[in-house]
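Open the model in your viewer and keep the selection tool ready. The stops below go from the whole chain to single side chains.

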Amino acid sequence: MDKKYIELDDNVLDQILKSETDLHNYSQQVESDLKNHENLDVEKYIKSGDQIVTLHKHLNHCENVLEHTESVLYTFQEELQNITNEITRLQQRSIFMAQQLCNRQSFKGLMHQFIEDVIVSETLISVITTCSVTDEKFSTHLSVLNYKILFVDEQNFKDVKSQNDVKDVYEKLKITATSKIRHFIMEQISKFKKPTTNYHIPQNTLFEYKFLFEFLLNHDSISAQEIYNDYVDALSKVYFTYFKSYLSYLQKLQFEEVATKDDLLAVEDTTSRTLFQKSIKKNTVFTIGNRATVLNEIDNSIIIPHQNNLTNLSFEAIFRSVQYALVDNACREYKFDCEFFKVDQPTAQGLFSQIMGKTLGLLIKHLEHFVENCYDALALFLCGQLSMRYQALCQNRLVPGLAQYWDTILAMIGTRFRFILKRHIQSVKDYDISKFNKEKKPHFVMRRYAELVSAIVSFSENNKCEPELICSLTEEVLGFVLRLATMFKTRKDRLIFLINNYDLVLRILMERVRDSSFEVDRFKEELSARSKDYVDEVLYVYFGGMIKFVTDAENGRDIDSDSRQLGLTKTFISTWKMSLEEINKEILPSFPNLTTGASLLQLAFSQLIDYYHRFQKALLAPNKAQLPNIHVIMIEIKKYKTNY
């Protein structure tokens, strides 16, 4: 019974309960109703019998159709499975065949390349045997031949039988090629030995065909070694002969007048010379002048004697030209050796030493001869600076072949340079001050010192050329000028002499030294101290009473005496203008350098103003009122101000 009937029965039951109906009667009625419904349904079923039979037949027919369809589908599934298996088999076979094809094509390519690498073409034989080594076709086919020879040799190690068919042909071609190459290179090397030949031309030719020697190096080591030895022998003689002749030519152009052992800082020039000889020598022993231009000409053209009407060359100019010629040729030779002979750096260094060894020995011996007899500190200094610059130039060009040479040269020059500086220092120590003529103008030793030291400090790399010896020389010169100053009787004359000498040295140093240096600072310190002492000395002569009074007042001594203050006040009032004039007349003529005299005069007046101001502070009010105003004094002082 569905939900509808249950709900209906519930409602009926509810009504029955509310109406108090007899349940027994009601159940019989319900049962009767059910029986009637059942009879009605049976009648309907009987009436639909034919339709049900037809429906049953249709169902059977559908079942048969479905069974057939199922059978067809099973058959189709089996056929699809067979097709899938066949496709898989065909796919595997296709992959296998593709791999076989790829292997055959790869093998075909290898075989084709192998045949191409092994085969000897008629063109190759013709070019190698008939063409000149300078022919472009020869160089192209030589590369081919080189490759084929190496390839055939490689196959020999692999026990490839086919290489035996062409091995003899390649061997003959190799012999032909190496013979022609050897003849060509030896012919170029022989040109080095001709006296009038510019060796750069055949060397350039060899460098252009450096691949020829590389072929010899790979296939004919005996001929390569022969060429190596012949080249070393030829170039060694070429360089030695060239530099020997070049030095001989340049020596004829060198100054005949040179510094001697007596050309020292504290040795007076007493030798009688003509006017021209003196100007040639003494202007260059201690004064650098234009000699330092060689430091700016390190890469200028070398001196060519027969093309330039040159005479009286300094040694450093000759040294620069020779060393630049060496650097230029050595750098060229080192790079040629590395490229042409295919050697690494250690081997190239040995080869370079074999070629340039005799030449370097010649140049060292020539410099050694000069150094042993040299007393020109500036010449040695400039040669040392040139050597350091050329050493740096070789390093920048990545040419280490001359490293030991520069070390030897610098050590030789440095030893002699230090020896000469020590001689200069000793000459200052040994100077006999009794020979001093007691002139207040700058002493010749101070001028020489300033010229020499300013040259060394200003042109040396990083201002560090023998700093300890230069400092020793500076201190010795300072002591020397103090010893000379003791020859003067008065303190004022001693101070004037010292100031003149310090001022001269300082002006020369500051004019030429680029940066502050020990020497400049040292002389500034001495000049400042002596200037102050001199100014105090001059002022004390004219204003001694006032200065002593100020000193006593500031030191706490008794200054309350009215008579003393009054006397000093009257004296100052009556004499200050005249004293300014006298100070001006005394200071300016005492100093050859007008600028120095003017600065000392202004220093004296500034110091006077300072004393006057302190004098006013120490006086009692009545006495202070009598003094002229400080501005009046300053206006009067301005009259003595100079324009220099």
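How much area does the protein expose, and what share of it do carbon and sulfur atoms supply? The protein exposes about 37500 Å², and carbon and sulfur atoms supply 54% of it; accessible areas come from the Shrake-Rupley method with a 1.4 Å probe, and for residues only the protein chains shown count as cover.

This is a predicted model, in which local features need pLDDT of at least 70 and side-chain atom pairs count only at pLDDT 80 or more, while totals for chains, interfaces and linings use all residues. Residues are numbered from 1 along each chain as its sequence is written, and side-chain values use heavy atoms, with hydrogens and water left out.

Colour by secondary structure: the protein has 22 helices and zero strands (DSSP runs numbered from the N terminus; helices are H or I with at least four residues, strands are E with at least two).

Next, select residues 491-512, which are helix α17, and pick out aspartate 503 in this helix. Is aspartate 503 buried or exposed? Aspartate 503 counts as buried because its relative accessibility is 9%, and buried means under 20% relative accessible area, exposed over 50%, partly exposed in between (1.4 Å probe, protein chains only).

Now show the surroundings of aspartate 503. Leaving aside residues up to four places away in sequence, aspartate 503 touches Leu527, Asn593 and Thr596 (contact means heavy atoms within 4.5 Å).

Finally, return to the whole protein: of its 644 residues, 41% are buried.
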